Amino acid sequence: MNKPTLRKLHSTLAPIILLPFMITAITGIAYRLARSWFGLSKDQAHILMVIHEGRFLGDQLKPIYVLLNGLALIFMLVTGIVMYWKSISKKGIFSSKATDKKTAPDS
């Protein structure tokens with residue numbers, strides 16, 4: 001897959017999955033902090049786990065939400081890493097030419 005197509009897929013998908021990612025991250029962090037720092041019981045912080053795990057969608061949609069959220073995260077990570085790697089390899093940061101210039105004695 002070439003870079004423009006990969007970049008286009010990445011940038012098209014990003015706004016769509018931003019909300020589910022933010023909900024998952026915020027409720028996960030809030031649950032952990034509520035339990036650890038603020039001493040809430042499991043029952044008191046239960047609503048955060050319901051939202052975090054997608055249980056509010058019901059038994060049929062919960063597995064789909066979790067699956068799509070996980071696959072989207074993996075996709076975004078992989079495409080982001082590939083785009084980043086291609087950009088730094090074009091700049092020559094990790095190429096042998098760049099290291100040869102640094103180690104060559106000045107004339």
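Q: Which residues line the largest pocket, and which element gives the most to that lining?
A: In this predicted model, the lining of the largest pocket is made up of F21, T24, H52, E53, Y65, V66, N69, G70 and L73. The elements that give two or more residues to this lining are α1 (3–36) and α3 (62–91). With 5 residues, the element that gives the most is α3.

Q: How much space lies in the largest pocket?
A: Rolling a probe the size of a water molecule over the atoms shows where empty space is left. For the largest pocket, whose lining includes H52 and L73, the space comes to about 160 Å³.

Q: Is N69, one of the residues lining the largest pocket, buried or exposed?
A: N69 is found in helix α3, and, leaving aside its neighbours within four places in sequence, N69 is in contact with P20, F21 and T24. Of these partners, F21 and T24 also belong to the lining of the largest pocket. The cut-off for burial is a relative accessible area under 20%, and because N69 has a relative accessibility of 14%, N69 counts as buried.

Q: How far apart in space are L68 and P20, C-alpha to C-alpha?
A: L68 is found in helix α3, where its relative accessible area of 52% makes it exposed. In sequence L68 and P20 are 48 residues apart. In space, C-alpha to C-alpha, the distance between L68 and P20 is 9.7 Å.

Q: Which residues does H10 touch, not counting residues up to four places away in sequence?
A: H10 lies in helix α1, and because its relative accessibility is 19%, H10 counts as buried. Not counting residues up to four places away in sequence, the residues that H10 touches are F75, M76, T79, G80 and M83.

Q: Which side chains meet in a salt bridge, and what is the N to O distance?
A: Side chains of opposite charge can pair when their charged atoms come close. The count for this model comes to 1 salt bridge. Of the two residues in it, E53 counts as partly exposed at 27% relative accessibility, and R55 likewise counts as partly exposed, at 31%. The side chains that meet are those of E53 and R55, with an N to O distance of 2.7 Å.

Q: What is the geometry of the aromatic pair that F56 and Y65 form?
A: A pair of aromatic rings is described by the distance of the centres and the angle of the planes. The structure holds 1 aromatic pair, and in this pair F56 and Y65 lie 6.4 Å centre to centre, with 65 degrees between the planes. Since planes over 60 degrees apart are given that name, the geometry of the F56 and Y65 pair is edge-to-face.

Q: Which member of the aromatic pair, F56 or Y65, is buried?
A: F56 has a relative accessibility of 48% and therefore counts as partly exposed. The relative accessible area of the other ring-bearing residue is 15%, so the buried member is Y65.

Q: In what order do the elements of the protein run from the N terminus on?
A: The protein has 4 helices and 0 strands. Residues 24 or more positions apart account for 56% of the contacts with a separation of 6 or more. From the N terminus on, the order of the elements is α-α-α-α.

Q: What share of the exposed area do carbon and sulfur atoms supply?
A: Of the 107 residues of the protein, 21% count as buried. The protein exposes about 8,200 Å², and the share of this area that carbon and sulfur atoms supply is 69%.

Notes
Residues numbered from 1 in each chain as written. Predicted model: local features only at pLDDT ≥ 70, side-chain atom pairs only at ≥ 80, totals over all residues. Heavy atoms only, no water. Salt bridge = Lys/Arg side-chain N within 4 Å of Asp/Glu carboxyl O. Buried < 20%, exposed > 50% of the residue type's maximum accessible area, 1.4 Å probe, protein only. Contact = heavy atoms within 4.5 Å. Areas by Shrake-Rupley, 256 points an atom, 1.4 Å probe, with all protein chains shown as cover. Phe/Tyr/Trp six-rings, centres within 6.5 Å; stacked < 30°, edge-to-face > 60°. 1 Å grid on protein atoms, 1.4 Å probe; cavity = no way out; pocket = protein on both sides within 12 Å on 5 of 7 lines; lining within 4 Å. Points joined across faces, edges and corners; volume = space filled by probe spheres on them.
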